[in-house]
Amino acid sequence: MTDDEYYEDDDDWITLPPVSSSARKLVVTFVALLALFGILGATVLVWTARQINPADGQGQNVGEVVVPSGATFDDVAALLEKRGIIGSASVFGLYSRFQNVGPVKAGKYVDFKKNSSMAQAADVLNAGPVAPESIVVTIIPGMWLADALAAINKAFPAFSVETLRQTLDSGQVHSKYRPATATSWEGLLPADTYRFEDDATPQSVLQTLVDAFDESLDELGYDKADTVTGRSAYELVTIASMIERETGTPADERPKIARVIFNRLEQNIALGIDATLLYGLGRKGASQPLTKSELETDGPYNSRTRKGLPPTPIAIPSQKSLAAAISPAEGDWLYYVLVKNDPPEHLFTASYKEFQDAKAACRSDGLC
């Protein structure tokens, strides 16, 4: 058949009706719904991924978590969510179906930390509860040495705080990171949870803790501190203790505060960190503003009136603060000012004018 023969009868043509506006609207609506479902799906995936692996990393130890007898896995997941260990009990339930999370045993767990990943929480559950006869000591970041000794005394009532302090000062306990000239053990115990047998002695408990702290510094490269930073390991622990007392919630603040401290030290500027002054005054918190006379009180821990580092650490630093001290962020900042209090957050700047303006706003908002 030729083309002429095929098209010779016009009656064979069929005229199709134009697409109606309602049909076009239906197509557009369908495409929009597909896009919306795609966005929602991607949002859910991102949210779920963040529940499985939180962006900011683990926080501090939460202390004892007791799983009662007869608790189901859903009960345990809900308990972990309530304590802030995981972000979502429902996601953890789904996670457990595809990962190696064994039956949960009733008992006392002491190794859970805030803001854990699902894998980290599962590891603690799989390890099982502590033995009933174990004695548990938990040291929290930011504690003073006196608080840490009190925590040990609470776990071992037979060990008085004075006995523990005398044991430290007697030379029975050794740390390769404590200078021979040091007069204090402040800042040299680890922030974590430890288990001991009931026949432990003051010396064995303290040496175990100090050994754990030394090991954590080894892992961070503190044995090469001078080469890496130009500062001794003990100086870095002191810097880390200040970071611990000053830091806010954002994960990137610790390395930034470390950089401010390094920059001010290098430029021979007084650090002006009130946490050191509070330590020197024996004040554990800043619930009340420092008075004019307190700010002007000269002493080795007044970093407003004296340049350089204080003579000792001012608290027990966390692993994150220790890591920040040996690996500060890059930046030219010389100042930081509190701009938000719940949770705490700071503005970092190299400009004195911007610092002054932010300081004025801080006071106006009642934050400083």
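**Contacts, cores and cavities of a predicted model**

Q: What share of the contacts in the protein with a separation of 6 or more comes from residues 24 or more positions apart?
A: This is a predicted model, in which local features need pLDDT of at least 70, side-chain atom pairs count only at pLDDT 80 or more, and totals for chains, interfaces and linings use all residues. Residues are numbered from 1 along each chain as its sequence is written, while side-chain values use heavy atoms and leave out hydrogens and water. With contact meaning heavy atoms within 4.5 Å, the share from residues 24 or more positions apart, taken over contacts with a separation of 6 or more, is 66%.

Q: How many helices and strands make up the secondary structure?
A: Helices (H or I, at least four residues) and strands (E, at least two) are DSSP runs, numbered from the N terminus. Taken this way, the secondary structure of the protein comes to six strands and 15 helices.

Q: What percentage of the residues counts as buried?
A: Buried means under 20% relative accessible area and exposed over 50%, with partly exposed in between (1.4 Å probe, protein chains only). Of the 368 residues of the protein, the buried part is 40%.

Q: Which helix gives the most residues to the largest nonpolar core?
A: A nonpolar core is a set of buried Ala, Val, Leu, Ile, Met, Phe, Trp, Tyr and Cys residues joined through side-chain atoms within 4.5 Å. The largest core has 63 residues, of which Ile152, Phe156, Tyr222, Ile239 and Ile261 touch the most other members. With eight residues, the helix that gives the most to this core is α10.

Q: Which residues are in contact with Ile261, leaving aside its neighbours within four places in sequence?
A: Ile261 is one of the residues of the largest core that touch the most other members. Once the neighbours within four places are set aside, the residues in contact with Ile261 are Ile239, Met242, Ile243, Leu271 and Ile273.

Q: Which residues of helix α12 are buried, and which helices are among what covers them?
A: In α12, which spans residues 274–281, the buried residues are Ala275, Thr276, Leu277, Leu278 and Tyr279. The cover over these buried residues includes two helices, α10 (233–246) and α13 (292–296).

Q: Which residues line the largest cavity?
A: On a 1 Å grid over the protein atoms alone, a cavity is a set of points where a 1.4 Å probe fits but cannot get out, a pocket is an open set with protein on both sides within 12 Å along at least five of seven lines, and lining residues have an atom within 4 Å of a point. Grid points are joined across faces, edges and corners, and a volume is the space filled by probe spheres set on the points. The largest cavity has a volume of about 40 Å³, and α12 gives the most to its lining, with three residues. The full lining is Trp144, Arg245, Ala275, Leu278, Tyr279, Arg283 and Ile314.

Q: Which element supplies the largest share of the lining of the largest pocket?
A: About 1200 Å³ of space lies in the largest pocket. Of its 36 lining residues, the closest to the centre are Glu246, Asp274, Leu338, Lys359 and Cys368. At least two lining residues each come from α10, α11 (253–266), α12, β5 (335–341), β6 (344–349) and α15 (352–364). The largest share, five residues, comes from β5.

Q: Is Pro313 buried or exposed?
A: Pro313 is placed in the loop between α13 and α14 (319–326). Not counting residues up to four places away in sequence, Pro313 touches Glu186, Gly187, Tyr234, Val237, Thr238, Ser241 and Tyr279, and from Tyr279 it is 34 residues away in sequence and 9.5 Å away in space, C-alpha to C-alpha. Because its relative accessible area is 0%, Pro313 counts as buried.

Q: What is the phi of Asn268?
A: Most residues other than glycine have a negative phi. Asn268 lies in the loop between α11 and α12, where it counts as partly exposed because its relative accessibility is 49%. Its phi is positive, in a residue other than glycine, and is near 55°.

Q: Which residues do ring pairs link into a cluster?
A: Rings of Phe, Tyr and Trp (its six-membered ring) pair if their centres lie within 6.5 Å, with planes under 30 degrees apart counted as stacked, over 60 as edge-to-face and the rest as tilted. The structure holds 12 aromatic pairs. The residues linked into a cluster are Phe73, Phe92 and Tyr95.
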